[in-house]
Amino acid sequence: MPDRPDTPPADGHEPADAGLPLLRAAVARLAPVLPMLTELGERFAAAGHELALVGGPVRDAFLGRVSPDLDLTSDARPDDILAIVVGWADAHWDIGREFGTIGLRKGSHVIEITTYRADTYDRTSRKPEVMFGDSLEGDLVRRDFTVNAMAIRLPSLEFVDVHGGLSDLVRQRLMTPAAPEESFADDPLRMMRAARFASQLGFDVAPEVRAAMVERAGTLSIISAERVRDEFVKLLLSPRPRLGLTLLVDTGLADVFLPELPALRLELDEHHRHKDVYDHSLIVLEQAMDLEGPADGPPESVPGPDLVLRLAALLHDIGKPATRRFEDGGGVSFHHHELVGAKLASRRMKAMRFDKDTTKQVARLVELHLRFHGYGDGQWTDSAVRRYVNDAGPLLTRLHRLTRSDCTTRNARKAQRLSRAYDDLEKRIERLAAEEELASVRPELNGNEIAETLAIRPGPVLGEAYDFLLSVRLDDGPIGKDAAREKLLAWWSARESVD
């Protein structure tokens, strides 16, 4: 976020003209779209209706950013909005008509216009009864945070800020327009958005907002898993996910939808002989983010923000609480926590309705994140290196970054040794890849050739033979088709004699 352009006086009150420089700067940043918005505002005024730019685009203009969205609000009902924009917009759609929203495209800009809302909620099931409002001020009070409750009337460019959003924005503070308890009772997902905006904007939540989050954390359970997941993903892909994650854990919200995260706050043994796993996981996440490539980089650079890498970094140690054992002599062990963690990650992500591919990739990275630590000083055979690459498959570049990020030791000598060892492993992978096309390791006989050699039909036995030859390829490297046939026939003979 840019430096604060202005600082409020110590008494916490803004003088009447304190926001004028900020407003001028915000309007200047909106200059590229103002002619179009002004023209649209004039069309609404001519039809006897109000129109205002609201929410994120206004907030972002004050923050010195260009918002990808243009959200507007009006007293016009959906049918009236359509009547005004038809013939002016290049395209329009009414998929959100039930909730008062009409979408349209003008040139390269996508605009959503929503009728003023004055919804009421069933606070047990969180089902809104859509009610249209009659005033901009009434619409703004139902928005999530004051920094998102600022508006600019069109075409007059009058700035409307009835809830002190500009003051809160200058202070980098998240506060609700209505009392936080009421706001979160209306929509518990707003508590998740508080954490998300903290991460996206780098803002603090007001003390009364935090208190209401603690008080009402349990009500998040009535929100659908999909909506919670979407907010969590936006938070995790933000520039500062630690801020929001810490808020979710400290307020008890994480206990509702991701209890494995707060469970990482293992009590340190009296001799402090093992790390704070929770803090370690947040550090690994931040270090993994540092290793992401630029957003427009090639796939092998893992362009950021990368959801799979960030989820794996956050969840890589969630198997530790279930596997912690205090050993004789005061030591602590977490045997097989990577296997337990992979199962827990898969189970939790399924509960949060993540798609199958993302779930499988994250679980696989969690399962593999400790594999490198058996490498030691390079004792792995070429066979072991091939298996490492084969097991990682297309996740290898992410696994490289996750493994490097997992080194959070303060022991500089140990950190350097681990880094050098992984450098060596990567060089060996590159060498073998160049020699053997390692990324596409296959048995040296294909399925048809295996079936012909053994005179068998496709089926489970053919699959066993294929897996055997793949193991040969990983252990021995390229040996040629004739040698592969000899090994296959010897395996077949041994198998037949056992049967």
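This tour moves through the model from strands to rings and then to charged pairs, naming what to select at each stop.

The model is predicted, and local features are described where pLDDT is at least 70, side-chain atom pairs only at pLDDT 80 or more, while totals for chains, interfaces and linings use all residues. Residues are numbered from 1 along each chain as its sequence is written, and side-chain values use heavy atoms, with hydrogens and water left out.

**Strands**

Begin by selecting residues 91–93 and 101–106, which are strands β3 and β4, joined by three bridges and running antiparallel; helices (H or I, at least four residues) and strands (E, at least two) are DSSP runs, numbered from the N terminus, and two strands pair if DSSP finds at least two bridges between them. Within this pairing, W93 stands opposite G103 in β4. Add residues 109–115, strand β5, which pairs with β4 in the antiparallel sense over six bridges, and find L104 opposite I111 in β5. The two strands β4 and β5 form a hairpin with two residues between them, and G107 in the turn has a positive phi of about 65°.

**Charges over rings**

Select K106 next, whose charged end sits over the ring of W88, 4.6 Å from the ring centre; the criterion is that NZ of Lys or CZ of Arg is within 6 Å of the ring centre and within 35 degrees of the ring normal. A further example is K320, with its charged end over the ring of F334 at 4.8 Å from the centre.

**Aromatic pairs**

The structure holds seven aromatic pairs, where rings of Phe, Tyr and Trp (its six-membered ring) pair if their centres lie within 6.5 Å, planes under 30 degrees apart counting as stacked, over 60 as edge-to-face and the rest as tilted. Select F372 and Y422, an edge-to-face pair with 4.6 Å centre to centre and 70° between the planes. This pair links distant parts of the chain, since F372 lies in the loop between α17 (356–368) and α18 (382–392) and Y422 in helix α20 (residues 412–436), 50 residues apart. F372 is buried at a relative accessible area of 4%, and Y422 is buried at 1%; buried means under 20% relative accessible area, exposed over 50% and partly exposed in between, with a 1.4 Å probe and protein chains only.

Move on to W491 and W492, a tilted pair with 6.2 Å centre to centre and 45° between the planes. W491 is buried at 18%, and W492 also counts as buried at 17% relative accessibility. Adding F468 to the selection shows a cluster, as ring pairs link F468, W491 and W492.

**Salt bridges**

The structure holds 34 salt bridges, each a side-chain nitrogen of Lys or Arg within 4 Å of a carboxyl oxygen of Asp or Glu. Select E231 and R196, whose side chains meet at 2.8 Å, N to O. E231 lies in helix α10 (residues 225–236) and R196 in helix α8 (residues 189–201), so the pair ties together parts that are 35 residues apart in sequence. E231 is buried at 6%, and R196 counts as buried at 10%.

Finish with D382 and R428, which form a salt bridge at 2.9 Å, N to O. Because D382 lies in helix α18 and R428 in helix α20, this pair ties together parts that are 46 residues apart in sequence. D382 counts as partly exposed at 27% relative accessibility, whereas R428 is buried at 13%. A last selection is E50, E137, R153 and E158, which salt bridges with shared partners join into one network.
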